[in-house]
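Student: Could you help me learn to read a protein model, one feature at a time?
Tutor: Gladly, let us put it on the screen and begin.

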Amino acid sequence: MNDAAAPAAPGPAPEGHRARQALLKRLADVVSLPASRINAFERSVVGDLLVEMLRLAEPKERLRVAARLAPLNELPNALSRLLLRDTPDIAGQLIERCAALTDADLCSAAQDTGIEHRLLIARRRGLSEVLTETLMVPGEPEVAAVLLRNATARLSPPGVEMMVGLSRDHPALCERLLHRPEIRPSGAYAMFWWCGPDERRLILQRFAVSREVMQEVAEDVLAMAATENWSDPVARKALQFIELRQRNRGAIEKSPFADLEAAIAHAARNGLSRETATEIAYLSGLKPLTGAKILGDPGGEPVAILCKATGLDRQGLAALWRALRRPETDDRGAVHPTWERVQQTWEMLAADRAQTVLRYWNWALSSALSPRLLQAIREGDEEAADPFATPERLAILTLSQDFRRPG
């Protein structure tokens, strides 16, 4: 808290300080006069005098003045600065009711005070993007939860990213964040890895979008790139995301297996070795890191997405599940709940939408990685990502727990 702006500790109240109370009330009344009775300069001077008195006043006196001033549409800056940095019950009079407060007033107060003040500000109606972003900077899940419940608060893109990162360690935020209108597919795809089953279903229902329009506008560009032998890395990377085909034909030619189905059948019979898992990733058009993340996910839904995106049928899905040595039935012989959920995920997704999710993961988890970014992931340095590179930011969010150094 900014001690210079905070009220001074009151001295012992003199006996019968009726004059002080009367003067505080009268000065507050003067500050409250309409513009037709007092000009801005006069109001400012009265406010300065009132500030000096309030710095030495008792809390109950400051509370009365704050309650008197809260309904005003115009308030001297020095007065609002003092009261906003007072105890939460006093500051709350202005935070909750005063329309005269600007974003600058509230941002400054949020930075100078503690979590109780930020919680009060987070409940205020009509919060702007600038203000909600300021409230998110300290990384307090309690404040984020209040902001997410505040339907009149507007979240900025950086603010949403901060909330996505915070939800990784505080998954209770996920459900409300996924329902906010500001959330975009990139954030939802990153959250998928730490969300529960219900939130994962919501992500796939709401954010697994089609690439049909992109495919239509890029159809002739795909042919151009092929005639250029895919020599332009910038165009190649984007077109690999857009194109309809998921499986990697080049990998099939080099693989010891005839196709993806054969690799999965081999793993189902003999167990999934590191080498076979790598082949399955390559044959599926993925980098090994992305494949390992998908196959190692305890929830299993990413496996269903992989199978639907690559055109595997029910038998292929079941074979890959067996290769992972995951249970298909429970102790009573009924369908295991996890396996049932995986099958439902496979059924609900269209192949094109599954490919969008899968390619976004591959884009973020593999193509964005560099030695610099890996170093940042290991050190937990989320500021190291290029602010304009979505895959870099998603890679840090998604892989930090896998790569971070212990301690």
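Student: Let me start with one residue: does Asn 229 count as buried or exposed?
Tutor: Buried means under 20% relative accessible area, exposed means over 50%, and partly exposed is in between, with a 1.4 Å probe and protein chains only. Asn 229 counts as exposed because its relative accessibility is 63%. This is a predicted model, in which local features need pLDDT of at least 70 and side-chain atom pairs count only at pLDDT 80 or more, while totals for chains, interfaces and linings use all residues. Residues are numbered from 1 along each chain as its sequence is written, and side-chain values use heavy atoms, with hydrogens and water left out.

Student: Where does Asn 229 lie?
Tutor: Asn 229 lies in the loop between helix H15 (219-227) and H16. Helices (H or I, at least four residues) and strands (E, at least two) are DSSP runs, numbered from the N terminus. The phi angle of Asn 229 is near 60°, a positive value in a residue other than glycine. Trp 230 is in the loop between H15 and H16 too, and has a positive phi near 55°. Trp 230 counts as partly exposed because its relative accessibility is 27%.

Student: How many helices and strands does the protein have?
Tutor: There are 26 helices and zero strands. Of the 407 residues, 48% count as buried. The protein exposes about 20300 Å², and carbon and sulfur atoms supply 53% of that area. Accessible areas come from the Shrake-Rupley method with a 1.4 Å probe, and for residues only the protein chains shown count as cover.

Student: How do I read a nonpolar core?
Tutor: In soluble globular proteins, nonpolar side chains tend to be buried together. A nonpolar core is a set of buried Ala, Val, Leu, Ile, Met, Phe, Trp, Tyr and Cys residues joined through side-chain atoms within 4.5 Å. Here the largest such core has 108 residues, and Leu 50, Leu 69 and Trp 361 touch the most other members.

Student: Which residues does Leu 50 touch?
Tutor: Contact means heavy atoms within 4.5 Å. Not counting residues up to four places away in sequence, Leu 50 touches Leu 24, Leu 27, Ala 28, Val 31, Val 65, Leu 69 and Leu 79. Val 65, in helix H3, counts as buried because its relative accessible area is 4%. Leaving aside neighbours within four places in sequence, Val 65 is in contact with Leu 24, Ala 28, Leu 50 and Leu 54.

Student: Which residues of helix H4 are buried?
Tutor: In helix H4 (residues 77-84), they are Leu 79, Ser 80, Leu 82, Leu 83 and Leu 84. These buried residues pack against helix H1 (18-31), helix H2 (40-55), helix H3 (59-69), helix H5 (88-97), helix H6 (103-112) and H7.

Student: What about contacts between parts far apart in sequence?
Tutor: Among contacts in the protein with a separation of 6 or more, residues 24 or more positions apart account for 66%. You can also compare C-alpha positions: Gly 126 and Ala 151 are 25 residues apart in sequence and 8.6 Å apart in space. Gly 126 is found in the loop between helix H7 (115-122) and helix H8 (129-136). Leaving aside neighbours within four places in sequence, Gly 126 is in contact with Thr 152 and Arg 154.

Student: And how do I read a pocket?
Tutor: Rolling a probe the size of a water molecule over the atoms shows where empty space is left. On a 1 Å grid over the protein atoms alone, a pocket is an open set of points where a 1.4 Å probe fits, with protein on both sides within 12 Å along at least five of seven lines; lining residues have an atom within 4 Å of a point. Grid points are joined across faces, edges and corners, and a volume is the space filled by probe spheres set on the points.

Student: Which residues lie nearest the centre of the second largest pocket?
Tutor: Of its 22 lining residues, Gln 240, Glu 243, Asn 248, Gly 285 and Asn 362 lie nearest the centre. The elements that give two or more residues to this lining are helix H16 (233-242) and helix H24 (351-367). About 700 Å³ of space lies in the second largest pocket.
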